[in-house]
Amino acid sequence: MEDTIVAISTALGKSAISIVRISGPEAIAIVSDVYKGINLNKANTNTINYGHIYDGEEMLDEVLVSVFRSPKTYTGEDVVEINCHGGIFVTNKVLELLIRKGCRPAEPGEFTKRAFLNGRIDLTQAESVMDVIEAKTTNSLKLASFGLKGDVRKMVEDFRKEILSMILKIEVNIDYPEYEDEELITSEYLKPVTENLIKRYEKILAKSETSTLLREGISTAIIGRPNVGKSSLLNALLQEDKAIVTEIAGTTRDVVEGKMNIGGVVLNLVDTAGVRQTEDVVERIGVEKSKQMIVKADLVILVFDYSSPLTEIDLELLQITKIKTRIIVINKQDLEKKLDLNIFEDYLLMSTFNEEDIDKLKNQIKEIYHLSELSDMDYTYIGNARQIAKLKQSSEALSDAYQSILEKYPIDIINIDLRRAWGFLGEIIGEVHSDSIVDELFANFCLGK
Ligand SMILES: Nc1nc2c(ncn2[C@@H]2O[C@H](COP(=O)(O)OP(=O)(O)OP(=O)(O)O)[C@@H](O)[C@H]2O)c(=O)[nH]1
Ligand SMILES: [Mg+2]
């Protein structure tokens with residue numbers, strides 16, 4: 001039998017209330033042992049009860065206790081939530097008391113993990129719980145809510161059903177070869193069904209790129225040689241003096257980060273050290289980091305100085321960012337022109353001092369990622385890297401099956417790939433899972449969730 005777990009479910013800090021959550025077979029009995037008010041052992045499910053928590057003779061807090069009886073609870077087990085006054089000291093005292101009375105401190109995510117293991121939710125819903133907590137924009141919240149409602153699960157289950165029905169037909173054929181007519185019908189049946197499935201997979205995978213963007217934001221590196229105005233650009237975009245700006249080349253030595261919301265998506269901006277050859281050890285490490293940021297970034301904003309001629313470094317940066325999604329910014333337009341613009345195909349001529357120019361840059365980012373179309377988009381699709389990876393694996397297995405169908409391989413060979421495709425889908429919703437994946441997944445949750 002499972003033990004009974006306890007955690008403080010609200011953020012630890014001074015607040016009006018904080019919630020201590022308990023889940024497990026002994027939840028009601030243990031709380032009832034330290035609670036004075038009505039007899040909790042007899043309390044109806046889904047009730048809130050006023051009373052006091054006592055440690056022996058000492059009254060710890062005046063509380064409201066919610067009682068949720070198994071199985072229709074968050075975890076599927078008996079759950080009790082104690083609403084304490086929000087002081088850190090008193091909340092910790094209640095927690096300590098419950099541990100002394102037999103509760104075990106919960107691991108991060110353990111409540112949600114129990115909900116999953118007890119079949120209350122599937123893995124996609126569990127992941128959505130985390131996504132809701134971490135959502136930073138309305139769009140990413142919408143996406144997470146769809147997962148939470150079980151829309152992703154439903155989509156995956158529909159796919160699974162269709163594949164399973166093919167598998168069953170094939171296995172009937174293999175197990176009962178005396179029905180010879182059946183085999184012919186089956187191979188004819190397999191081709192269009194598989195074709196149709198592959199098309200639907202493709203649609204979802206195409207949309208998943210945008211959904212990853214919604215969830216994780218766009219990691220954007222501002223790159224260029226020293227003094228071109230990278231930090232000025234970061235500050236202008238963030239509308240705050242985040243990075244130090246001076247006329248001295250080599251001012252920024254480490255990466256400076258900031259977040260902004262652009263068309264409902266988070267832009268994770270990093271300002272970097274200007275790239276140049278340097279003897280200075282600290283600066284050299286900074287330059288190395290800048291180059292690493294180019295590799296990591298989804299989007300590179302490559303900055304040049306309108307008022308100075310092109311250098312070797314500029315050319316090198318143009319070359320190494322060629323394969324990236326990038327915007328070329330020619331800054332300091334307000335100064336006298338010394339830069340030959342002929343070598344650039346596409347660029348934004350601007351000044352960081354000019355707000356309209358900054359808006360132009362923002363619009364360009366919106367265009368690249370089609371952010372203005374986001375608001376009327378359909379959010380029922382997969383937005384999580386683990387789920388996308390599994391869907392891709394399933395899609396590959398399905399394509400293998402399709403290939404075998406075209407080449408008229410025996411149906412038991414086709415069946416192997418169909419079973420693989422079906423299995424990967426199962427992993428998305430957690431129907432087939434290894435303990436280590438589940439442990440790793442829930443370890444990323446916050447305590448008390
Ligand atoms: N005239 C003019 N000066 C600018 C513009 N943008 C930035 N500057 C100036 O250029 C100088 C360098 O700006 P920074 O933002 O520190 O440049 P940086 O690219 O971050 O430089 P490092 O950190 O050394 O790599 C500062 O004196 C800024 O005020 C602009 O659009 N026009
Ligand atoms: Mg700088």
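This section describes the overall form of a predicted model, then one of its helices and the surroundings of its ligand.

The protein contains 14 helices and 13 strands. Its radius of gyration is 29 Å, whereas the globule rule gives 22 Å for 449 residues; the value is well over that figure, so the protein is more spread out than a compact globule. The C-alpha trace extends over about 85 × 80 × 40 Å along the principal axes. Buried residues make up 39% of the 449 residues of the protein. Among contacts with a separation of 6 or more, 64% are between residues 24 or more positions apart.

Helix α4 covers residues 123-134. The expected span of its 12 residues, at 1.5 Å a residue, is 16 Å, and the end C-alpha atoms lie 17 Å apart, which agrees. The helix is mostly covered, with nine of its 12 residues buried. These buried residues are Leu123, Thr124, Gln125, Ala126, Glu127, Ser128, Val129, Met130 and Asp131. A residue is counted as buried here when 20 or more other C-beta atoms lie within 10 Å of its own.

Ligand 1 is surrounded by 24 residues, of which Gly229, Ser231, Ser232, Thr252 and Gly274 are the closest. Helix α8, residues 230-238, contributes the most to this shell, supplying three residues. By residue class, the shell around ligand 1 consists of 13 polar, seven nonpolar and four charged residues.

Key: Residues numbered from 1 in each chain as written. Chains lettered and ligands numbered in written order. Predicted model: local features only at pLDDT ≥ 70, side-chain atom pairs only at ≥ 80, totals over all residues. Helix = DSSP H or I, 4+ residues; strand = E, 2+ residues; numbered from the N terminus. Expected span 1.5 Å × (residues − 1). Near = placed C-beta within 6 Å. Nonpolar A, V, L, I, M, F, W, Y, C, P; charged D, E, K, R; others polar. Rg over C-alpha atoms; globule rule 2.2 N^0.38 Å. Contact = placed C-beta atoms within 7 Å.
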